[in-house]
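Visitor: I am new to this structure. Could you show it to me and take some questions?

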Amino acid sequence: MASLIRSWIPLLILQSFLVAIAFGSKEAEEFSEALLLKPLPDRKVLAHFHFENRAPPSNSHGRHHHLFPKAISQLVQKFRVKEMELSFTQGRWNHEHWGGFDPLSSMNAKPVGVELWAVFDVPQSQVDTSWKNLTHALSGLFCASINFLESSTSYAAPTWGFGTNSDKLRYGSLPREAVCTENLTPWLKLLPCRDKDGISALMNRPSVYRGFYHSQRLHLSTVESGQEGLGSGIVLEQTLTVVLQPETTSVETNMQPSWSLSSLFGRKVVGSCVLAKSSNVYLQLEGRLGHESKNVDTEIEAHKLWKNADFDLSLKPDRVLRESSSLLFIFDIDKSSDSEPFDLGLTWKLPSKWSCQQAPLQATRFLMGSGNERGAIAILLKATESQEKLPGRVVTDGRCTIKANIFQIFPWYVKVYYHTLQIFVDQQQKTDCEVLKKINVSPSTDKVSSGMLEMMLELPCEVKSAAISIEYDKGFLHIDEYPPDANQGFDIPSALISFPSHHASLDFQEELSKSPLLSSFKEKSLVRSYTEVLLVPLTTPDFSMPYNVITITCTIFALYFGSLLNVLRRRIGEEERFLKSQGKKTFGLKQLLSRLTAKIRGRPIEPPSSDSPAAQSSFLSSKLIFKIILVAGAAAAWQYFSTDN
Amino acid sequence: MKARVFQKLIGKYMSEMGAEVYYQKFHPEGNQFHPLHFFSGPDSYTLLDNVSCASYGVNVAGIIRAPRGDGKESIVLVTPYDFINGGDYEALSLGITGTLFSLLARVTWLSKDIIWLVADSRYGDYRPVAAWLTEYHSPSFKDSDLLKCGELNTADKFRRAGTMAAALVLKVDGRSERFEDTLSIYAEASNGQMPNLDLINVVNYLAVHRQGFYVKVEKVVSLLSSSWLKIIGEIFEAVGKLAHTLNPDWNFGIPTADYLEGSATLASSLYSQALGIPTGPHGAFRDYQVDAITLKVSPRFPPDSKTRQHDFFLRGAKLLEGTIRSVNNLLEKFHQSFFLYLLTSPSKFISVGVYMIAFALLVASLPMVAASLYIDGCKALNNSTLNPAGNFKSWKWLDAAKQVFALHLFGLIVTLLPYFICQVPGQHSPSNRSIMWGTTSSSLLLITFATIPGCSPFSSRRHGTNWAVLKSVTISAAFIGLCLMSIINFATAEIGALLLVPTCLIVQPIKPALRSRRIKSLLGAFCSMVLLTIGFPVMLFAISKGLFGEGLVGLSLGGEFWTWLESLWAWKSATYLYIGMVHLPCWLLCLCILFHPS
């Protein structure tokens, strides 16, 4: 009990301090760091780094900040960004095993490559300009080719399908962008302690990039102060989500692997970042002990939670929070030091199995058809097992329905015929008005803008599967529109499936937490999932063909003009006279034969004692013609014998 | 029951590897003759209304997701396996792929997903793969009765893994006759389409230089022992040697054995392409522009020897791993220009730029001869004609064109006739059907001759079309037909040109030749008779059967010919169209010229 109180005192002090700050006229800038670890059902471990940096609305500092990165605040001021999110992702989120109905996955499961969306606080006419400038600025800031999103063919302006209702929203994604350390380093530079101290010191590049999924995200939103004369505050949220495979020595396949921070990252946490207001490590265990003992007050019970027959934590948690289906252990890393580094470990003693909560419908998308002319895109929604239990069903007119929003961008070279939209629910074709609640289509313009499809489906709750298919023609690109890269095909960015009536949140019973990570989990977030990126093979011209044609044409020209000039230049009469004056040199068959044998034997021809330029040129021409005839004859003979059998 | 147990066992094995597993049911009936479906793509999965649960196949497929990949592309491994009476050799192929699959599930270098398809080969090798591909690329979202059959519930998930980059079909069969393990590569897909040469090269390189397989491609065995080819080969060898002595840099001479081998392989390659029937399950992939080849491995030991099995697994899996790794590491597609080629050995090929020359030279004579004949014919007409209608001089060819057109129309009808014969109710043997076809065609031909004036070769009117003009138009038609065919299926056009061009060039009316009794014209008449006899499609079929070592079969020839044609149209081979619409009319026209009354 005593230890509990002791751990409470600093927290209380901190809280009172916070209250004082909140009510004071001048808020200070705040930075907090957190790391959430979560074992996944398929023997992997998820690590979610969360850094939050708040700059309160103030004009006292002018353009200067204490903690807040200047680059970001300049960005916000210059382009008047109201809200923005940028994510770099490598690998695919496994919705089946890693969950799809918790705030973590709905916020951090991002499409492959780069995704950027932003809401601007400028007049409607300037939104596109701001977007273009923003992409360039971010491109420089993050060492990525985000500037490709500048072209109007690569972004769209979703109205309601994206989840945020705003007409000043722009959305774009680059599925082909490779993500590597060069993107992580500038991202880390925005943190006050970089990766030198605190939780971010764990980010050992090889281990972070060895993971199965890697997504670094930057989300910023401005907070209006509401007061005259004050600027707006900015909240910058930086997260890095990695899914790692702990190395195991045990051969048992049903046993969950045991791990520690040092085995996962190859590093340990040595103290917190001194500039951080709070720095915590959380461990979330899903699917256990949710319903058992209700009161955790007694020491023994609490002890049982982290050292029991199932598993064993290497450190004692400072607090334990419970949610309906999961347990959250909270560790404060302030106490760790060089001599006593924070190295949390989890040892499993018994095989255990659980499953993550999944989104009501699981979405897959694929291409249909064959050939280079046309095809179809199909989105398949399959009911998951957990669909029945989920809240968020809407009962209208006595019918229980699930709402699903689909938001999809089509690049212009995929010419979609929107009238071919077909919807099948449980293998029955439905007319549009039966299931389609709302639809918004903006067709693409060739080489100018990309197409966009937003639709809201209202499916019956007992739906097993739903399929949407839409046909398209493949376009032809102009020669300079082909990227200079290797020809792999062209990408169709991920579609976004969101469920507007379902919201994911973790509801911890205790109201103690003031941690930004937990409060962000507590907020109701829209359940969304991204589909796969598709690869469309387009007709690609053989770019080496022009080269071949040029070479052949030049050869023919050279032969033609060479011989023509030769003929024109030759003066027969003059030549004959010259030959006569040369005396009775035998220029007949004999010499030609000797030349021929010399040629055949590959020996240099002995230089003729007296060769006139005219004779030389005539010899050259005859040699050339002889060569051509020989080669053509050989080719024809070879062809004839090789095919005529 | 046994089949279900096997399927579940394989599925369990795959999921233990960490793969996503699913089962797919399909119908054994596949190919139906649709007269106008020749150049259409693979048709969407049309399910029959009354589906019987009595016979259906089940494919098992597993997908390994690349750990860090983006899921845009995939590589497919296919092992056909007969779940009911699969032999030891088939089990070996499962073993090799299984070994490889368990390795791939653990490696970190994958950037493309791997799909392993265990195709239910009870209904042939091709059909299950084609059914799976149809489901993959053009599924029907409608309700199907098939899904409800059996206890195995397959409705839940058919999984996909992006665009296919390449596919490898692995089969193990028979014991190798050689000392080494043998690997045969099959590449020809429908209508003479070939996979990218790079895929063959990769497999060949890895098999020969890394794993020590003896690699071979199909060849015409009877050519290996033919003496005339041997003589040509010896001449080439001698010429090569002579050239080498003259100039040590000239090394184009090849040994006779190599020449024989190359020619036999080339002939087989040409024949398989010309036939237009895929040589294995890989053909189904080509319909979706996926490069695929079939690898048929023959081990040198009996399948039950446990000691050698290990080594064989290791080498087979290493070969496949190397190939998969090569494709996996490619950021781009295979280069687009290596699709048109003929193989002369697993490591040598003749590219389109070279083999087109032979065909072009063969065909180039046709328009020239046509032009000269036309001029001759016009002159002859002007001299002999009674009516002085000089103003219609340029329309001389119209009569001949009518005749040519009529016979081509007849060819089209004959081509479509089998479809209607198939619709005739009742069970008929192939020979009966071929008799039906033969009688209807010949009666149609008689009607054509009777109704269209000047068409018949037996009409006695002397002022009919001039034979020279008729020949000129025939040659033009043959030229156009051959050129068109060379675009669709080059090998067919090449073989067709070898038959059609000499016939068209040499044919002349037989009556004047007999009348003149000159040796030269008699010889010409004899040659044209021989060529025309060979040129008749049925005759050609019999000869080719004989050439491939199956011998003449007398009366059942008609039946076999029918079966052969049926297989051609079932596989949507354009060769069938060529025979019906180019070869047959031209042959008939040549016959008309031969018996021309002039």
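The questions below concern a predicted model.

Visitor: Which residues of chain B does UniProt give for the "transmembrane region" that starts at 473, and how far apart are its end C-alpha atoms?
Guide: The unreviewed UniProt entry places one such region at residues 473-501 of chain B. That span is 97% helix and 0% strand. Its end C-alpha atoms lie 14 Å apart.

Visitor: What is the end-to-end C-alpha distance for residues 404-422 of chain B?
Guide: UniProt lists 404-422 of chain B under "transmembrane region" too. The chain there is 100% helix and 0% strand. The end C-alpha atoms are 28 Å apart.

Visitor: How are α7(B) and α14(B) oriented to each other?
Guide: Two packed helices are described by the angle and the distance between their axes. Helix α7 (residues 256-275) and helix α14 (residues 490-506) of chain B have axes 7 Å apart, at an angle of about 110°. Angles of 65 to 115 degrees count as roughly perpendicular. The two helices α7(B) and α14(B) are therefore roughly perpendicular.

Visitor: Which residues of α14(B) make the contact?
Guide: From α7(B) come Leu270(B), Gln273(B) and Ala274(B). By class, the contact has 4 nonpolar, 2 polar and 1 charged residues. On the α14(B) side are Ala491(B), Thr492(B), Glu494(B) and Ile495(B).

Visitor: Is Arg43(A) buried, exposed or partly exposed?
Guide: Arg43(A) sits in the loop between β1 (30-39) and β2 (45-55) of chain A. Its phi is near 65°, a positive value in a residue other than glycine. Most residues other than glycine have a negative phi. With a relative accessible area of 22%, Arg43(A) is partly exposed.

Key: Residues are numbered from 1 along each chain as its sequence is written. Chains are lettered from A and ligands numbered from 1 in the order in which they are written. This is a predicted model: local features need pLDDT of at least 70, side-chain atom pairs count only at pLDDT 80 or more; totals for chains, interfaces and linings use all residues. Side-chain values use heavy atoms; hydrogens and water are left out. UniProt positions are given in the numbering used here, feature names are shortened, and annotations may be inferred rather than shown by experiment. Helices (H or I, at least four residues) and strands (E, at least two) are DSSP runs, numbered from the N terminus. Buried means under 20% relative accessible area, exposed over 50%, partly exposed in between (1.4 Å probe, protein chains only). Axes are lines fitted to C-alpha atoms, for helices over the stretch in contact, and angles run from 0 to 180 degrees between N-to-C directions. Angles under 35 degrees count as roughly parallel, over 145 as roughly antiparallel, 65 to 115 as roughly perpendicular and the rest as oblique. Contact means heavy atoms within 4.5 Å. Ala, Val, Leu, Ile, Met, Phe, Trp, Tyr, Cys and Pro count as nonpolar, Asp, Glu, Lys and Arg as charged, and the others, Gly among them, as polar.
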